[in-house]
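Here are a few short exercises to work through with the model open. Try each one yourself before reading the solution.

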Amino acid sequence: MSAISINKEHLKLILEDAKTSSESIVKETVLAANEDNTHMQMIVEKAAEKTQKSAKSQPSAMQIKITDFFKAVIPPVFGILMFLGIWTLLSHQQPILPGPISTWHSAVELFSHPFHQNSLDDQGIGWNILSSLQRVAFGFGLAALVGIPLGFMIGRYEFMSSMTAPVISILRPVSPLAWLPLGLLVMGAAGPAAIWVIFISSIWPMVINTAVGVSKVPQDYMNVAKVLNLSEWKIITKISFPYVLPYMMTGVRLSIGIAWLVIVAAEMLNGGAGIGFWLWDEYNASNYEHIIIAIFVVGIIGLLLELGLSMLAKRFAYE
Amino acid sequence: MNPILNEATTPALSNNTAKVTERYVHIEDVGMQFVTKKGTFEALKNINLSITQGEFVSIIGHSGCGKSTVLNLIAGLLQPTTGNLFCAGREIAAPGPERAVVFQNHSLLPWLSCYENVYLAVERVFGSESKVQQEARAYAALELVGLSHAVEKRPNEISGGMKQRVGIARALAMEPKVLLLDEPFGALDALTRAGLQDELMRIMQKSGATAVMVTHDVDEAVLLSDKIVMMTNGPSAGIGEILEVDLPYPRKRLELAENVQYNHLRSEVLKFLYERHAKKVA
């Protein structure tokens, strides 16, 4: 009996310390205390543990958050600093290569009026970026318009797959720029030729990924379609298309990546306007800081395109 | 309850009046061969089976004996190498909504809600009706399987048992002449399975549809069926025996556990599977 009274005192202490969340547990243990002594002791210990934990857990959660934050932030910051360090070192070795600081000053000046327009050859960087994006949008849009339906047909019908396989296998590995002279020859103008190059080099991932997706639609789903006797249109809209969407989005992402890779090279050779042309033009004008700025601009825009499409792809994922 | 099983007491069917209802699903000399890389594989040989309208027939056998193949043949998903299959007097040439299938892995489309999955079937069969009527059908089917509360959920948001309920609702919504069930509860835990079996029994009693179910569960077969088709082992599998189950409806799982006739039937199936046609352990 004495044990019970001691434990009851212990309980009272805990009750005083206990936060609202653990109160009910302790109340239960009080009730239990009158019934069973040994069992009660166990419960009391557990309740005590719980109150201790809840008291401790808040600062520790905070600590975890802080360490998580540093774990996420420190490595990238370290990486960037190292990159800048190597860059600075190299620019000291080769004085013709602009260092990070002079590039930064040049960038600030450049981006202070991105949309100025003095002549066709002297436009702000904003205009150049926009005209590049426009070209990519045209070329890539055309490629999607042709490539996705083509991929659907290749995936759905074996005849189409066997028919197109040899042609695709030969054309796909061709370097994007190999198509440029052909474009210039047929289109007769630089603008359409650049779009043509983007079209032909960015179409393949969309064709192939879409086709793979369609051919992978599980037999179970196709059996459902057969048993329900669905029309070809319903099969495409309700089964193939939703199933293929994630595959297709992967294709689209790869294609946009390629299109953006190709645009710089195509514009360098073509002239006119655009970030690739601008890069070459600045080289000829000996504005070496601008070359590096152009590289960063291309990289950052490519990254943004990729991120945007990844987010879009996530919205379409069904699982 | 009937204490003694007497095979002779099966009620004689009036064979003149309605040949079609008696041979509602009719399988005639069906053989099935698959062409594989290693040569032709004969899965089924000399299958003859007649199913009366309103009957619940189970097909039982060891795995690989071709019982699912029989079901797929009735569904029209496969075409027999030899022989013919008929449903309601017509030759089965292709899958059709009058023979709805409940698939083992439910085969719901994951990007559609439960309701939309069922509606897809309703739309195809009852497309001539008004949209309101079609919607009512889809809701009614989901209500029948007790899923009114989960109509807007996606398949990945509900449990395995619920998914299978949607699969059954989708099949029933088509008001099929024959319901084909391919190991419908095979992937479920024992408790969920028992619950769904009772539910299926209730639904089948209500609708009076003809049903063919493939199973490897002896209790399930005896509990649900009017007739159990026991298949021999493949290759070249055939029908070994057909067991009539004349237990009265409604059947109660607990009462049957002590029913002499039930246990006799159960041991008949077990003897067939594990004595006469035991499968060698691979």
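**Exercise 1.** In this predicted model, work out whether A:Ser131 counts as buried or exposed, then describe its surroundings.

*Solution.* Start with the accessibility: A:Ser131 comes out at 16%. The cut-off for buried is under 20%, so A:Ser131 counts as buried. Next, place the residue: A:Ser131 sits in helix α5 of chain A, which covers residues 125-156. Then check the side chain, where a polar atom of A:Ser131 lies 3.1 Å from the backbone oxygen of A:Asn128. Finally, set aside neighbours within four places in sequence, and A:Ser131 is in contact with A:Ala273 and A:Gly274.

**Exercise 2.** Search the whole structure for cavities of 30 Å³ or more and say what lines the largest cavity.

*Solution.* The search turns up one cavity, and the volume of the largest cavity is about 50 Å³. Now list the lining: chain A gives A:Val224, A:Val227 and A:Leu228, while chain B gives B:Val101, B:Phe103, B:Arg170, B:Ala171 and B:Met174. Sort these by element: α9 (219-228) of chain A and α5 (160-173) of chain B each supply at least two residues. The largest share, three residues, comes from α9(A). Sort by class, and you get seven nonpolar, no polar and one charged.

**Exercise 3.** How many disulfides are there over all chains, and are B:Cys65 and B:Cys114 buried or exposed?

*Solution.* Count sulfur pairs within 2.5 Å: the total is zero disulfides over all chains. Then look up the two cysteines: B:Cys65 is buried at 2% relative accessible area, and B:Cys114 is buried at 1% relative accessibility.

Key
Residues are numbered from 1 along each chain as its sequence is written. Chains are lettered from A and ligands numbered from 1 in the order in which they are written. This is a predicted model: local features need pLDDT of at least 70, side-chain atom pairs count only at pLDDT 80 or more; totals for chains, interfaces and linings use all residues. Side-chain values use heavy atoms; hydrogens and water are left out. On a 1 Å grid over the protein atoms alone, a cavity is a set of points where a 1.4 Å probe fits but cannot get out, and a pocket is an open set with protein on both sides within 12 Å along at least five of seven lines; lining residues have an atom within 4 Å of a point. Grid points are joined across faces, edges and corners, and a volume is the space filled by probe spheres set on the points. Helices (H or I, at least four residues) and strands (E, at least two) are DSSP runs, numbered from the N terminus. Ala, Val, Leu, Ile, Met, Phe, Trp, Tyr, Cys and Pro count as nonpolar, Asp, Glu, Lys and Arg as charged, and the others, Gly among them, as polar. Buried means under 20% relative accessible area, exposed over 50%, partly exposed in between (1.4 Å probe, protein chains only). A polar contact is a pair of N or O atoms within 3.5 Å; within protein, one must be able to donate a hydrogen and the other to accept it, and residues adjacent in sequence count only if both atoms are side-chain atoms. Contact means heavy atoms within 4.5 Å.
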